[in-house]
Amino acid sequence: GLSGRLRLGVIPTALTAVASLSAAFARRHPDVRIEVRSLSTAEILAKIEHFELDGGIVYVESGHGAGLT
């Protein structure tokens, strides 16, 4: 199974959706510690670029502009 830490940056408007998704993921992978941080799009993109986050939830248009898809 999976183990370790998953660091996610999430825009505030998506926090409720991420809560239900991360709960389901945690039930399936109990050895993974999920860290969800509420951040602005710019902060999320910068932290992903600097490997300070493993993933992020932003508006689709923001990801395309940053070269992320």
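A salt bridge here is a side-chain nitrogen of Lys or Arg within 4 Å of a carboxyl oxygen of Asp or Glu. Keep that cut-off handy, and keep in mind that you are looking at a predicted model.

**Stop 1: the whole chain**

Start with everything on screen in cartoon view. The protein chain has 3 helices and 3 strands, and going along the sequence you should meet them as β-α-β-α-β-α. Of its 69 residues, 26% count as buried. Now switch on a surface: the chain exposes about 4,800 Å², with carbon and sulfur atoms supplying 57% of that. If you like contact maps, look away from the diagonal. Among contacts with a separation of 6 or more, 68% are between residues 24 or more positions apart.

**Stop 2: the sheet**

Next, select the strands. In what order do the 3 strands of the open sheet sit? The order is 2-1-3, and the pairing is parallel. Strand 2 (32–38) and strand 3 (55–57) are at the edges with a single partner strand each, so each has one side without a neighbour in the sheet. Look at the sheet's twist too: neighbouring strands are turned by 25 degrees against each other on average, ignoring direction.

Zoom in on strand 1, residues 4–10, which runs parallel to strand 2 and is joined to it by 7 bridges. For a landmark, pick Gly-9 and look across to strand 2, where Arg-37 stands opposite.

**Stop 3: the helices on the sheet**

Bring back helix 1, residues 15–28. This helix lies across strand 1, strand 2 and strand 3, and runs at about 175 degrees to strand 2. Then add helix 2, residues 41–49, which packs on the sheet and also touches strand 1, strand 2 and strand 3. The direction of helix 2 makes about 165 degrees with that of strand 3.

**Stop 4: the core**

Which residues make up the largest nonpolar core? Select Leu-8, Val-10, Ile-11, Ala-14, Val-18, Leu-39, Ile-44 and Leu-53, 8 residues in all. Show them as spheres, then centre on Leu-8. Setting aside neighbours within four places in sequence, Leu-8 is in contact with Ile-34, Glu-35, Val-36, Arg-37, Leu-53 and Gly-55.

**Stop 5: the salt bridges**

Time for the charged side chains. Side chains of opposite charge can pair when their charged atoms come close. This structure holds 4 salt bridges, and here are some of them.

Pick Arg-5 and Glu-35, whose side chains meet in a salt bridge at 3.8 Å, N to O. Arg-5 sits in strand 1 and Glu-35 in strand 2, so this pair ties together parts 30 residues apart in sequence. Arg-5 is partly exposed at 45% relative accessible area, and Glu-35 is partly exposed as well, at 26%.

Stay on Glu-35 and add Arg-33. These two form another salt bridge, with the closest N and O atoms 3.4 Å apart, inside the 4 Å cut-off. Show all three side chains together and you have a network of salt bridges linking Arg-5, Arg-33 and Glu-35.

Now move along strand 1 to Arg-7, which pairs with Asp-54 in a salt bridge of 3.1 Å, N to O. Arg-7 is in strand 1 and Asp-54 in the loop between helix 2 and strand 3, so the pair ties together parts 47 residues apart in sequence. Is Arg-7 buried or exposed? With a relative accessible area of 18%, Arg-7 is buried, because the cut-off for buried is under 20%. Its partner Asp-54 counts as partly exposed, at 43% relative accessibility.

**Stop 6: an odd backbone angle**

For the last selection, go to Phe-51, in the loop between helix 2 and strand 3. Check its backbone: phi is near 60 degrees, a positive value in a residue other than glycine. Turn the surface on once more, and you should find Phe-51 exposed, with a relative accessible area of 69%.

Note on methods. Residues numbered from 1 in each chain as written. Predicted model: local features only at pLDDT ≥ 70, side-chain atom pairs only at ≥ 80, totals over all residues. Heavy atoms only, no water. Pairing = 2+ DSSP bridges. Helix = DSSP H or I, 4+ residues; strand = E, 2+ residues; numbered from the N terminus. Axes fitted to C-alpha atoms, helices over the stretch in contact; angles between N-to-C directions. Contact = heavy atoms within 4.5 Å. Core = buried A, V, L, I, M, F, W, Y, C linked by side-chain atoms within 4.5 Å. Buried < 20%, exposed > 50% of the residue type's maximum accessible area, 1.4 Å probe, protein only. Areas by Shrake-Rupley, 256 points an atom, 1.4 Å probe, with all protein chains shown as cover.
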